[in-house]
Amino acid sequence: MTSLTRDVHKWLQSLDLTFPVRNIRRDFSNGYLVAEIFSWYYPQDIQMHSYNNCSGLQGKLGNWSQLQTFFKRRSIDIPLELIDGTLHCRPDAAELLAQYLYTSLTNKKIKRLALNRDIDFTDHHYQLTLPLHARNTATMAVKTNLKITEFDTEPNIITCQQKAQDIIYRHTQHRQEERIEDPQRFDIKPSIGQRCVRKPPMQGTLFHDQESETASSARAKNPSPARRESPSLSNSSMAYREILVNQLDHTTQQAMRPGSMSPNVLPPIGGNS
């Protein structure tokens, strides 16, 4: 979990808010304290009687809707993912929002930003601090990182399914990384290719391979005598004898038809009938 720096804590205490910030993830989720912070810097644009300090989803959505309208009017660029993460109490979202408000409203830089990892608004960093047997399963990862309020704000079932699939995919990848980092714990046996010892070829082996390649190329250029064609057969001349064949004329062809030929009379061999 990302912790607030000392400068941000002192800044929040100096604003004299309605109630002190004890659990920033819970206190910033409805947007009431965020609106009160902006009312100190933009008193003409923010009227606190328009905001409700409530815990219901509809009240939270109404407060953040008014804040987003104010952000657009004043050209204040706050990422939508950061607002959604704060609304749904995701890990690290409210802390990043407080640091962003501090740097943008006071024009000061944070001396030590309490971020030593990539922020994905999940509890993966917290899970790494736990022992392996106490970490979340895939079902618990979906239950922890996907809030019930997200189903109410996003009634589209396909969008919620995609969010759940993304959480399961990241959980599976983290488990695969754990298996690679600690293969002895998971009793992972190396494959045959991993067990093979890969040594560089010896000098004698290289010389033997070169000799075999030279011999094979020589055999390809000079084939064996058994496969070589005989010159006597290739150059010898064969004697051919001409055979004369008598062709039938048109009259004979008509006589040889089955319908015009009688069984006792043979057709003439040649000439006119």
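1. Contact here means heavy atoms within 4.5 Å. With that in mind, take Ile-37 in this predicted model. Ile-37 touches Trp-11, Leu-12, Leu-15, Leu-17, Phe-28, Leu-101 and Leu-105. That list leaves out residues up to four places away in sequence.

2. Ile-37 also belongs to the largest nonpolar core, which has 35 residues. The members with the most contacts inside this core are Phe-28, Ile-37, Phe-38 and Leu-101. Two of these names, Phe-28 and Leu-101, appear in the contact list of Ile-37 as well.

3. Which helices supply the core? Helices H1 (6–14), H3 (32–41), H4 (57–74), H5 (80–87) and H6 (93–106) each give at least two residues. The largest share comes from H6, with eight residues.

4. Another core lies apart from this one. It has five residues, among them Ala-141, Leu-146, Ala-164 and Ile-167. Of these, Ala-141 in H8 and Ala-164 and Ile-167 in H10 also take part in the packing of those two helices.

5. Now that packing itself. Helix H8 covers residues 138–145, and helix H10 covers residues 157–181. Their axes lie 9 Å apart, at an angle of about 130°. Angles from 115 to 145 degrees fall outside the parallel, antiparallel and perpendicular classes, so H8 and H10 are oblique to each other. The crossing of H8 past H10 is right-handed.

6. Which residues meet at this contact? From H8 come Ala-138, Ala-141, Val-142 and Asn-145. From H10 come Ala-164, Ile-167, Ile-168 and His-171. Six of the contact residues are nonpolar, two are polar and none is charged.

7. Two loop residues deserve a look at their backbone. Ser-75 sits in the loop between H4 and H5. Its phi is near 55°, a positive value in a residue other than glycine. Is Ser-75 buried or exposed? Ser-75 has a relative accessible area of 66%. The cut-off for exposed is over 50%, so Ser-75 is exposed.

8. Asp-92 is in the loop between H5 and H6. Asp-92 is not a glycine either, yet its phi is positive, at about 75°. Is Asp-92 buried or exposed? Its relative accessible area is 3%. Buried means under 20%, so Asp-92 is buried.

9. To recap the two loop residues: both have a positive phi, but Ser-75 is exposed, whereas Asp-92 is buried.

Notes. Residues are numbered from 1 along each chain as its sequence is written. This is a predicted model: local features need pLDDT of at least 70, side-chain atom pairs count only at pLDDT 80 or more; totals for chains, interfaces and linings use all residues. Side-chain values use heavy atoms; hydrogens and water are left out. Axes are lines fitted to C-alpha atoms, for helices over the stretch in contact, and angles run from 0 to 180 degrees between N-to-C directions. Helices (H or I, at least four residues) and strands (E, at least two) are DSSP runs, numbered from the N terminus. Angles under 35 degrees count as roughly parallel, over 145 as roughly antiparallel, 65 to 115 as roughly perpendicular and the rest as oblique. A crossing is left-handed if the near helix is turned anticlockwise from the far one by less than a right angle, and right-handed if clockwise. Ala, Val, Leu, Ile, Met, Phe, Trp, Tyr, Cys and Pro count as nonpolar, Asp, Glu, Lys and Arg as charged, and the others, Gly among them, as polar. A nonpolar core is a set of buried Ala, Val, Leu, Ile, Met, Phe, Trp, Tyr and Cys residues joined through side-chain atoms within 4.5 Å. Buried means under 20% relative accessible area, exposed over 50%, partly exposed in between (1.4 Å probe, protein chains only).
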